[in-house]
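Biologist: I have the sequence and the structure open side by side, and I would like to walk through them with you. Could you start with what you mean by your burial terms?

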Amino acid sequence: MGKVRAILGSARSSLINPIWESIWRENFYTCPCDLVTIHLNADINIQPLKGGNDFMGKIAEDRAVDLIQHLNVSLQDRKDKYKNSPLNEIKGIFISEEKEGNKFLVRSLDGPIATFSLQELPGCCGFIVSYWSEVAPYFRKKGIGAELLQIRMMAARALKYGAMLATVDKQNLDEVSLLNNAHWSKVNEFRNPRTGNIIETYIVNL
Ligand SMILES: CC(C)(COP(=O)(O)OP(=O)(O)OC[C@H]1O[C@@H](n2cnc3c(N)ncnc32)[C@H](O)[C@@H]1OP(=O)(O)O)[C@@H](O)C(=O)NCCC(=O)NCCS
């Protein structure tokens, strides 16, 4: 807080001429983000949003850290439960997180197998979005896409998400059948004005 005040103080003395300063003295300015109210000649007052914005931020942060762990636990659980899964034939399989975050890589010691992304829906901590799922061409049509979908759902359930959302190009029949086979519900379809593609929206309760 002191540091912010010092920076503001020095910026004010060098940048604001005396006429403006006299006008500013009689007014205060509210930042559009609602979090910071600036009053010249007064302290900077940082007000958390009602409802505990910090608390919500903490939940999201903890969940992001736990997600990679839950994904790997689900991967192992799934292997134990379904001995015939093709995932069992791949030695040393594990899931890692790419540096940018939200993007996960399924790989073995021999190389990549699949990628997918998961992200909490902004504004609702009970909803998680699944996107950019892809199985490497060599591993397709072996049931791995279906297994990984179950693994994502198990991990999200463990993290107390209540529902998962995905959008899919109507022409992507493999992905559409993957979602239908996992009992997702198609809730809507629309024409994406940016691409002209017909996009289907799917949701599943976890
Ligand atoms: C969509 C995608 C992820 C599916 O992955 P996948 O690993 O091939 O999926 P699966 O093997 O579980 O299922 C695909 C089909 O193979 C069939 N299959 C499963 N195991 C099989 C086996 N052992 N032998 C033959 N077929 C099999 C499934 O029944 C399914 O058939 P269906 O479509 O008639 O129901 C993959 O095709 C892909 O990466 N596509 C490109 C990226 C993309 O479009 N991503 C989705 C949008 S984000």
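Modeller: A residue is called buried if 20 or more other C-beta atoms lie within 10 Å of its own, exposed if 12 or fewer do, and partly exposed in between. Please keep in mind as we go that this is a predicted model.

Biologist: Then is G143 buried, exposed or partly exposed, and why?

Modeller: G143 counts as partly exposed because it has 15 C-beta neighbours inside 10 Å.

Biologist: Where does G143 lie, and what is it in contact with further off in sequence?

Modeller: G143 lies in the loop between β7, which covers 127-135, and α4, which covers 144-158. Once its neighbours within four places in sequence are left aside, G143 is in contact with S85 and P86. The C-alpha atom of G143 is also 8.7 Å from that of L87, although the two residues are 56 apart along the chain.

Biologist: Which residues are closest to the ligand?

Modeller: The closest are R140, G143, G145, A146 and S177, out of 19 residues that surround the ligand. The elements that each give two or more residues to this shell are β7, α4 and α5, the last of these being residues 173-181.

Biologist: How many of the shell residues are charged?

Modeller: There are 6 charged residues in the shell around the ligand, alongside 7 nonpolar and 6 polar ones.

Biologist: Let's stay with α5 for a moment. Which of its residues are buried?

Modeller: The buried residues of α5 are E175, L178 and L179. Seen down the helix axis, these residues fall within an arc of 95°, so they line one face of α5. The other side of the helix has L173, S177, N180 and N181, which are exposed.

Biologist: And what covers the buried residues of α5?

Modeller: The cover over the buried residues of α5 includes α4, β8 and β10.

Biologist: What happens just after α5?

Modeller: Just after α5 comes H183, which takes a positive phi of about 65°, and its place is in the loop between α5 and β9. H183 counts as exposed because it has 8 C-beta neighbours inside 10 Å.

Biologist: Why do you single out a positive phi?

Modeller: Most residues other than glycine have a negative phi. H183 has a positive value in a residue other than glycine, and W132 is another such case, with a phi near 55°. W132 is placed in strand β7, and it is exposed because it has 12 other C-beta atoms within 10 Å, where exposed means 12 or fewer.

Biologist: Changing topic to the strands, how does β10 pair with β8 and β9?

Modeller: Strand β10, residues 198-205, pairs in the antiparallel sense with β8, residues 163-169, over 7 bridges. Strand β9, residues 185-191, is joined to β10 by 6 bridges, and these two strands also run antiparallel. T201 in β10 is the bridge partner of T167, and T201 is likewise the bridge partner of N188.

Biologist: What sits between β9 and β10?

Modeller: The two strands form a hairpin with 6 residues between them, and in the turn G196 has a positive phi of about 80°.

Biologist: I also marked L71. Is that residue buried or exposed, and what does it touch?

Modeller: L71 counts as buried because it has 25 C-beta neighbours inside 10 Å, and it lies in helix α3, residues 53-81. Not counting residues up to four places away in sequence, L71 touches I95, F104, I151 and A155. The C-alpha atoms of L71 and A156 are separated by 8.3 Å, with their positions 85 residues apart along the chain.

Biologist: Stepping back, what does the whole chain look like in helices, strands and burial?

Modeller: The chain has 5 helices and 10 strands, and 17% of its 206 residues count as buried. Among the contacts between residues at least 6 apart in sequence, 47% join residues at least 24 apart.

Biologist: Before I go back to the bench, what pLDDT does the chain average, and where is it below 50?

Modeller: The chain averages a pLDDT of 78, and 69% of the residues score at least 70. Over residues 1-44 the pLDDT is below 50, and this stretch has 24 contacts in the model beyond near neighbours in sequence. Where pLDDT is low, the predicted coordinates should not be read in detail.

Notes. Residues numbered from 1 in each chain as written. Predicted model: local features only at pLDDT ≥ 70, side-chain atom pairs only at ≥ 80, totals over all residues. Helix = DSSP H or I, 4+ residues; strand = E, 2+ residues; numbered from the N terminus. Contact = placed C-beta atoms within 7 Å. Near = placed C-beta within 6 Å. Nonpolar A, V, L, I, M, F, W, Y, C, P; charged D, E, K, R; others polar. pLDDT = per-residue confidence, 0-100. Pairing = 2+ DSSP bridges. Arc of directions from axis to C-beta.
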